[in-house]
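Student: Please give me a close reading of the part of this model where strands pair and side chains meet. I should like the confidence of the prediction to be treated before the local detail.

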Amino acid sequence: MEARALWLLALVLALGTSSSSAQAQYVGLLESQCAIPAKDRVDCAYPEVTPEQCNNRGCCFDSSIPEVPWCFKPLQATECTF
């Protein structure tokens, strides 16, 4: 019974963590690469894409602004050559 309670607690914590961070996610990207004005966002996925699916495409996810792409292409890092 105790193992079942621990498993349930772990599941609840995992679900709570994933849903609370759904607003802006930049997995594998710098936050500055995703700091794109809403009007300049280039769509990177399909409607109703999840944050995880978006990040797996190498894109930024930010659902804080309505009526603009939530999954969008990041700014590309520029290389300096001397």
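Tutor: The quantity to begin with is pLDDT, the confidence that the predictor assigns to each residue on a scale from 0 to 100. It is needed here since the model is predicted. In the protein chain, mean confidence is lowest in helix 1 (residues 2–20), at 48, and highest in strand 3 (residues 71–72), at 96. Residues 11–22 have a pLDDT below 50, and beyond near neighbours in sequence this stretch has three contacts in the model. Where pLDDT is low, the predicted coordinates should not be read in detail. The average over the protein chain is 77, with 66% of the residues scoring at least 70.

The overall arrangement may be stated briefly. The protein chain has two helices and three strands, which follow the pattern α-β-α-β-β along the sequence. Of the contacts in the protein chain with a separation of 6 or more, 64% are between residues 24 or more positions apart. Buried residues amount to 23% of the 82 residues. The accessible surface of the protein chain is about 6,400 Å², and carbon and sulfur atoms contribute 61% of that surface.

We turn now to the sheet. Strands of a sheet pair through backbone hydrogen bonds, in either a parallel or an antiparallel manner. In this model the three strands make an open sheet, ordered 1-2-3, with antiparallel pairing. Strand 1 (24–25) and strand 3 are the edge strands, each pairing on one side only. Two bridges connect strand 2 (residues 60–62) with strand 3 in the antiparallel sense. C60 has F72 of strand 3 as its bridge partner. C60 also takes part in a separate distance: its C-alpha atom lies 9.2 Å from that of A35, although the two residues are 25 apart along the chain. A35 belongs to the loop between strand 1 and helix 2, and A35 counts as exposed because its relative accessibility is 56%, over the 50% cut-off.

The same kind of reasoning applies to D62, a residue of strand 2. D62 counts as buried because its relative accessibility is 10%, and the cut-off for a buried residue is under 20%. The side chain of D62 has a polar contact of 2.7 Å with the side chain of S64, and another of 3.2 Å with the side chain of R41.

R41 lies in the loop between strand 1 and helix 2 (51–56). With a relative accessibility of 9%, R41 is therefore buried. Besides its contact with D62 at 3.2 Å, the R41 side chain reaches the backbone oxygen of P69 at 2.9 Å. Leaving aside residues up to four places away in sequence, R41 touches I36, D62, I65, V68, P69, W70 and F72. In this way R41 touches F72, the bridge partner of C60, as well as W70.

W70 leads to the aromatic side chains. A pair of aromatic rings is described by the distance of the centres and the angle of the planes. The count comes to one aromatic pair. It is formed by F61 and W70, which are edge-to-face at 6.4 Å centre to centre, with 80° between the planes. That angle is over the 60 degrees required for an edge-to-face description. Burial differs in category across the pair: F61 counts as buried because its relative accessibility is 4%, whereas W70 is partly exposed, with a relative accessible area of 39%.

Two backbone values in the loops complete the picture. Most residues other than glycine have a negative phi. E67, in the loop between strand 2 and strand 3, has a positive phi of about 65° although it is not a glycine. E67 is exposed because its relative accessible area is 82%. E48, in the loop between strand 1 and helix 2, is likewise not a glycine and has a positive phi of about 70°. E48 counts as exposed because its relative accessibility is 78%.

Definitions and conventions. Residues numbered from 1 in each chain as written. Heavy atoms only, no water. Helix = DSSP H or I, 4+ residues; strand = E, 2+ residues; numbered from the N terminus. Buried < 20%, exposed > 50% of the residue type's maximum accessible area, 1.4 Å probe, protein only. Contact = heavy atoms within 4.5 Å. Areas by Shrake-Rupley, 256 points an atom, 1.4 Å probe, with all protein chains shown as cover. Pairing = 2+ DSSP bridges. Polar contact = N/O pair within 3.5 Å; in protein donor to acceptor, adjacent residues only side chain to side chain. Phe/Tyr/Trp six-rings, centres within 6.5 Å; stacked < 30°, edge-to-face > 60°.
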